[in-house]
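Me: I am new to this structure. Please take me closely through one part of it, the place where the two protein chains meet, and then show me what lies around the DNA strand.

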Number of protein chains: 2
Amino acid sequence: MKEGLAQFNSVFSIDCVIFGFDGGELKILLIERNEEPFKDWWALPGNLVSEDQSLDQSASSILTSLTGLRDIYMEQYYAFGDPGRHPQGRVVTLAYYALIRLGGEKDLHPITTYAKRAVWWSVNDLPKLAFDHKKIFDKGLEKIKRRIKHQPIAFELLPEKFTLTQLQHVYELILGKKLDKRNFRKKMLSFGVLRELNEKQKGVSYRAATLYKFDRRKYAKLFGKEISF
Amino acid sequence: MKEGLAQFNSVFSIDCVIFGFDGGELKILLIERNEEPFKDWWALPGNLVSEDQSLDQSASSILTSLTGLRDIYMEQYYAFGDPGRHPQGRVVTLAYYALIRLGGEKDLHPITTYAKRAVWWSVNDLPKLAFDHKKIFDKGLEKIKRRIKHQPIAFELLPEKFTLTQLQHVYELILGKKLDKRNFRKKMLSFGVLRELNEKQKGVSYRAATLYKFDRRKYAKLFGKEISF
DNA sequence: GCAAAAGTGTTCCCGTTACACCCATGT
DNA sequence: ACATGGGTGTAACGGGAACACTTTTGC
């Protein structure tokens, strides 16, 4: 992304698949590029890695600059480096997925110069993506599918207080299939990592559901025991 | 690993955790470095990636040059890139694990200039490793532990024809625990991916065991069904 | 009173586990 | 004959899957 790139031994970048859940759909955050190559295309947010940052820090700062949020759950999952994946030379990219709470859809400020704007897209209705970003997205989705079966990552997509039905929706969207309500609740509660609150959902025009919290302390105590979905 | 490394935007390399099974122990292949930094230390085999090779090709050629074998099972699993992990500058390394059949222990020819020799070490008795290679190894072992529960990778460590006891040993070594013989056999055979041969083990001073083959065709037909250990 | 989602138990089945003895072979 | 690992079955248990109706609330 610089003149004379080919003279460099190599260049590497980080690209992020940022998942969000808005109550109805599973979404990812895409930026519209404002720079060649792939000007005007939609792409995963990403950046070159600066000299002195660790990879995780670098991914983290992409996330923060884009969303304004800190301490986002994220995980590096693969390196993509086919020669030819970048038209201007050899760029190896390290892919991260991240999961965030979609609150007020508020402040997405692409402070970067290379993006016009950032928009949430439903994963079921993505536009054509720049570079090999489709491949990167596909692998990212596959990874969180596996991950959600063993790790409590669904909570990262939900507000602090959530209903069991919301939680079930997250599982259904990521796994791509319907789950049985009774079995889901029984199993989820059996893990003992949810704390029932004395509080109900508000603003719904039907019976309000009980709110729950994910209890990190209890989860930490289960260390070693695998959750299995 | 070159003068003036710092002037490069970045450098990346590939390091391989090469697992082998010799009938008794789980081993990995280490090289003794013949170059600074970490001259005379033991290290994972690795190399810088050349301009025109894909990452997999590059890993593959490391494996071939070291072992003389082709079509080795391998998988990229993580990128390590802490600034400071390499004393001479920023080097991001892409870690691969590989599984190979330890046959005659024959031809390990470290054709590279930077290694004096290559030796198989038991994973339970490793020397101090150069760079952050211990961390890379640990994560690699963790990955294959997960992987062996869902994918037929144990066969990659065994000769084409093997006994069920040998197969069980591989599982026990990787998972780090004893398994029940009857249950193991029942389950393994129930997957329907092993073909019993009309052939027995030879050269043992006790009752010879039946040999089996892994049947890739049958396995391919199970596509979608997950094996679960 | 109606629409919409919350909330709740039981049964059946199958895969997992635990467990011990005789068999075949080579020395 | 003995030492060594090969090879086999069954019973009890527990988690997963299937399945439908009553309750609460807001409008």
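Reply: What follows looks at the interface, then at the symmetry, then at the DNA.

Keep in mind that this is a predicted model.

Start with the contact between the chains. On chain A, 30 residues are in contact with 30 residues of chain B. The two chains bury about 2,400 Å² between them. Of that area, 45% is on carbon and sulfur atoms.

Next, the polar links. The rule finds two salt bridges across the interface of chain A and chain B. In one salt bridge, the side chains of A:E226 and B:R146 meet at 3.0 Å, N to O. Polar contacts occur here too: eight residue pairs across the interface, both residues at pLDDT 80 or more.

Which elements of chain A build its side of the interface? Four of them each supply at least two residues: β1 (11-21), α1 (55-67), β5 (73-80) and β6 (91-100). The largest share comes from β5(A), with four residues. Sorted by class, the side of chain A that touches chain B has 12 nonpolar, 10 polar and eight charged residues.

Now the symmetry. A turn of 180° and a shift of 0.0 Å along the axis lay chain A on chain B, with an RMSD of 0.0 Å. That is the relation of a two-fold axis. The same surface serves both copies. Of the contact residues of chain A, 100% recur in chain B.

Turn to DNA strand D. There are 18 residues around the strand. Those that come nearest are A:N183, A:R207, B:K181, B:K186 and B:T210. Sugar and phosphate make up 39% of the strand's atoms that come within 4 Å of the protein.

Helices of both chains take part. α4 (181-190) of chain A and α4 (181-190) of chain B each supply at least two residues of the surface near DNA strand D. That surface has four nonpolar, four polar and 10 charged residues.

Three side chains show how the protein meets the strand. A polar side-chain atom of A:R182 lies 3.3 Å from a base nitrogen of DNA strand D. For A:K187, the partner is a phosphate oxygen of DNA strand D, 3.1 Å from a polar side-chain atom. On chain B, an N or O atom in the side chain of B:T165 is 3.0 Å from a phosphate oxygen of DNA strand D.

Notes: Residues numbered from 1 in each chain as written. Chains lettered and ligands numbered in written order. Predicted model: local features only at pLDDT ≥ 70, side-chain atom pairs only at ≥ 80, totals over all residues. Heavy atoms only, no water. Contact = heavy atoms within 4.5 Å. Buried area = accessible area lost by both parts, 1.4 Å probe. Salt bridge = Lys/Arg side-chain N within 4 Å of Asp/Glu carboxyl O. Polar contact = N/O pair within 3.5 Å; in protein donor to acceptor, adjacent residues only side chain to side chain. Nonpolar A, V, L, I, M, F, W, Y, C, P; charged D, E, K, R; others polar. Least-squares fit on C-alpha atoms with pLDDT ≥ 70 in both. Near = heavy atom within 4 Å.
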